[in-house]
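Please open the structure in a viewer and keep the sequence at hand. The tour below proposes a series of selections and describes what each one contains.

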Amino acid sequence: MKIREALRRLTDAIFFPDIPVCGCCGKELEDRKSGVGFCRDCGAEMEKRRLPAAATDRGVLLYACYLYGGSVRRIVHRYKFDSGKWLAPFLGEEMAKQAAQIPGPLDAVAFVPLHKKRRRQRGYDQAELLAKEVAKRSGLPLVYGLSRTISTKKQSTLKAGERKTNVRGAFVRRKETPETEIAGKHFLLIDDVAATGSTLAECARVLRESGAASVSALVYARSENQGEMADA
């Protein structure tokens, strides 16, 4: 693909999100009237990576829509690193469908917040946008229960054994949020991706210590067997 054509597709996707484009490669779609979907090639690979609504234990019960890699990696990168906040409703819809299959009571939705410095750099908090979509589609309240007080190293730059130490103490209960919004609640904790699960486990610990009855986690994509994702 020529550079000019690639830039045109990316510009259209950012500023004209109603143009039907493949969320992975940016190719315009002919079989959708509006919104974002997948072209045949990307869609086929996505289906191979789709996961059932079954939890894995990564310090917290973790559910995911897809295994990370290939087309899933591309759509995550577009969402996080290519000003792709317009993809949030599409990704959030997939996550809400998975959330509907999670057993047990769920009372509220929370999310893994970015540090304010990184949020300013990116322009949005990708986990917050996903949490809003899941909450809206699930009919659950969104609770801003967590604050990130330490600007940690990027987890993707660290070895698996270093990640738990890196995020230890990085999160606290958000002081503006009353304890009554957390106490006794069964939470669904949202993030975009998970590798070792260290960040999710640390956030779940803070919520439980703040009175949450239980915490389950849901991400759009996870690694296989707690493998590292060096680019997510």
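**The whole chain**

Begin with the entire protein: of its 232 residues, 50% count as buried. The model is predicted. Colouring by secondary structure displays eight helices and nine strands. A surface view corresponds to about 11500 Å² of exposed area, of which carbon and sulfur atoms supply 49%. Contacts can be considered next: among those in the protein with a separation of 6 or more, 70% are between residues 24 or more positions apart.

**The sheet**

Now select the open sheet of five strands, which follow the order β3-β4-β9-β8-β5 with mixed pairing. Strands β3 (56-57) and β5 (108-111) stand at its edges; each has a single partner strand, so one side of each is left without a neighbour in the sheet.

Next, select residues 186-194, strand β8, together with residues 214-222, strand β9. These two strands pair in the parallel sense, over eight bridges. Which residue of β9 is the bridge partner of Phe-187? That partner is Val-215.

Add residues 70-81, which form helix α3. This helix lies across β4 (61-67), β8 and β9, and runs at about 105 degrees to β9.

**The nonpolar cores**

Hide the cartoon and show side chains. The largest nonpolar core has 39 residues. Within this core, the residues with the most contacts are Ile-75, Leu-91, Met-95, Ile-190 and Tyr-220. Helix α6, residues 126-138, gives the most to this core, contributing six residues.

Centre the view on Leu-91. Which residues does Leu-91 contact, leaving aside its neighbours within four places in sequence? They are Ile-75, Tyr-79, Leu-130 and Tyr-220.

A second, separate core can then be selected; this one has 26 residues, including Leu-51, Val-60, Ala-204 and Ala-212.

**A loop residue**

The last stop is Ser-83, in the loop between α3 and α4 (88-99). Is Ser-83 buried, exposed or partly exposed? Its relative accessibility is 47%, and because partly exposed covers the range between under 20% (buried) and over 50% (exposed), Ser-83 counts as partly exposed.

The backbone of this residue also deserves inspection. Most residues other than glycine have a negative phi. Ser-83, although it is not a glycine, has a positive phi of about 55 degrees.

Conventions: Residues are numbered from 1 along each chain as its sequence is written. This is a predicted model: local features need pLDDT of at least 70, side-chain atom pairs count only at pLDDT 80 or more; totals for chains, interfaces and linings use all residues. Side-chain values use heavy atoms; hydrogens and water are left out. Two strands pair if DSSP finds at least two bridges between them. Helices (H or I, at least four residues) and strands (E, at least two) are DSSP runs, numbered from the N terminus. Contact means heavy atoms within 4.5 Å. Axes are lines fitted to C-alpha atoms, for helices over the stretch in contact, and angles run from 0 to 180 degrees between N-to-C directions. A nonpolar core is a set of buried Ala, Val, Leu, Ile, Met, Phe, Trp, Tyr and Cys residues joined through side-chain atoms within 4.5 Å. Buried means under 20% relative accessible area, exposed over 50%, partly exposed in between (1.4 Å probe, protein chains only). Accessible areas come from the Shrake-Rupley method with a 1.4 Å probe; for residues, only the protein chains shown count as cover.
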